[in-house]
Amino acid sequence: MTGNSATTEAPPAVTVLGLGEIGSALASAFLAGGHPTTVWNRTPGKGDDLVARGARRAATVHDAVAANPLVVVSVKGNTAAREILESAGDALAGRALLNLTDGTSTEAKAVAGWAAEQGAEYLHGQIMTIAPGIGHPDSVVFYGGADTLHDRYRSTLRLIGGRGTLVGADAGLPTLYGMAVHGTMWGTLNGFLHAAALLSSEGVEVKRFLEQAGASVSALLSHLPSIADEIDRGEYATPYGGLRHHLPSVDDLVRESRARGVDDGLPDYTRTLVASAIDAGHADDSYSRLVEHFRKR
Ligand SMILES: NC(=O)c1ccc[n+]([C@@H]2O[C@H](COP(=O)([O-])OP(=O)(O)OC[C@H]3O[C@@H](n4cnc5c(N)ncnc54)[C@H](OP(=O)(O)O)[C@@H]3O)[C@@H](O)[C@H]2O)c1
């Protein structure tokens, strides 16, 4: 089947292993998309609603895997995913395996390597939405694996999230992309929550702050491409806004936090990073220079 023919042929039959929040949503999306769907879950009793809508319930993992060319697994952790797949025995050979189980990149690569030894094709996926977002056109999923496999099931993958992207052939890359997004999210949220604590210590409503200063906050994201460019080139020198200009501002933030009884751990950490880079002779480098701190092993 080619990428073009997949859109005109009948939707391929798919097996879903694991009927937790995500697995159930996946099976539901596949059924809605017209895919003959087989389901299996460790604990019996889950998926009655799916069966009522036409899903076939397999009694064993072996039967579930043997039933269909595409096997999707979504469980808690890659140790569990691997154990389940091992119990499929020789049924895995010749199947296309899509592992949507979260974990580290090393774990994803290990499952990919093991699957290849079993004669299965392998695609790893990192879902970037919660269960209600499965099937939404704006939901993001990162995939890692062979482009031929990704293309073959493109229509099926679109049912998981409309904004699916093959980020590379490496099975570990999707999890790394997911962590990069989450890490950015947590760093940003922590900064915002600290700011909110500072504002509320003065009785300022955070919503009001956003109404008045939201444009300044949003503009920060527009700087990311130039920061990324500096990091990729490894060239941090800047004529304006170097680290020496950041130090007094972050120092003010630390002192203001302390004076208001607001936790100063976050700005103090930032202050330490900036001061160390200046001490090391990088006062006229851009803020992106601090990536070298995070690169240390
Ligand atoms: N929920 C989310 O919003 C979300 C978003 C993105 C990614 N994810 C990822 O998607 C994956 C599934 O998450 P979920 O939220 O659907 O989990 P969940 O609702 O907690 O369900 C967990 C599923 O894993 C199965 N399971 C756990 N350990 C197992 C084992 N040792 N052997 C066999 N089956 C086992 C459970 O089976 P039983 O029913 O038998 O316990 C159940 O089907 C995870 O990797 C999660 O990190 C979740």
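The paragraphs below lead from the overall layout of this predicted model to the surroundings of its ligand.

The protein chain is divided into two parts, with domain 1 running over residues 3-170 and domain 2 over residues 201-295. Between the C-alpha centres of domain 1 and domain 2 there is a distance of 41 Å.

Turning to the ligand, one finds that it sits in the second largest pocket. Among the secondary-structure elements, those that give two or more residues to the shell around the ligand are α2, spanning 21-32, and α5, spanning 78-86. In total, 21 residues surround the ligand, and the closest of these are Ile22, Asn41, Thr43, Lys46 and Asp102. When the residues of this shell are sorted by character, nine are nonpolar, seven are polar and five are charged.

Some individual contacts can then be picked out, each of which involves an oxygen atom of the ligand. At Arg42, an N or O atom in the side chain is 2.9 Å from an oxygen atom of the ligand. The backbone takes part at two other residues: a polar backbone atom of Leu19 is 3.3 Å from a ligand oxygen atom, and a backbone N or O atom of Lys76 likewise lies 3.3 Å from an oxygen atom of the ligand. As for how far the ligand is enclosed, the protein covers 79% of the 890 Å² of accessible area that the ligand has on its own.

Conventions. Residues numbered from 1 in each chain as written. Predicted model: local features only at pLDDT ≥ 70, side-chain atom pairs only at ≥ 80, totals over all residues. Heavy atoms only, no water. Domains from an automatic or database assignment. Near = heavy atom within 4 Å. Polar contact = N/O pair within 3.5 Å; in protein donor to acceptor, adjacent residues only side chain to side chain. Areas by Shrake-Rupley, 256 points an atom, 1.4 Å probe, with all protein chains shown as cover. 1 Å grid on protein atoms, 1.4 Å probe; cavity = no way out; pocket = protein on both sides within 12 Å on 5 of 7 lines; lining within 4 Å. Sits in = over half its atoms within 2 Å of the grid points. Helix = DSSP H or I, 4+ residues; strand = E, 2+ residues; numbered from the N terminus. Nonpolar A, V, L, I, M, F, W, Y, C, P; charged D, E, K, R; others polar.
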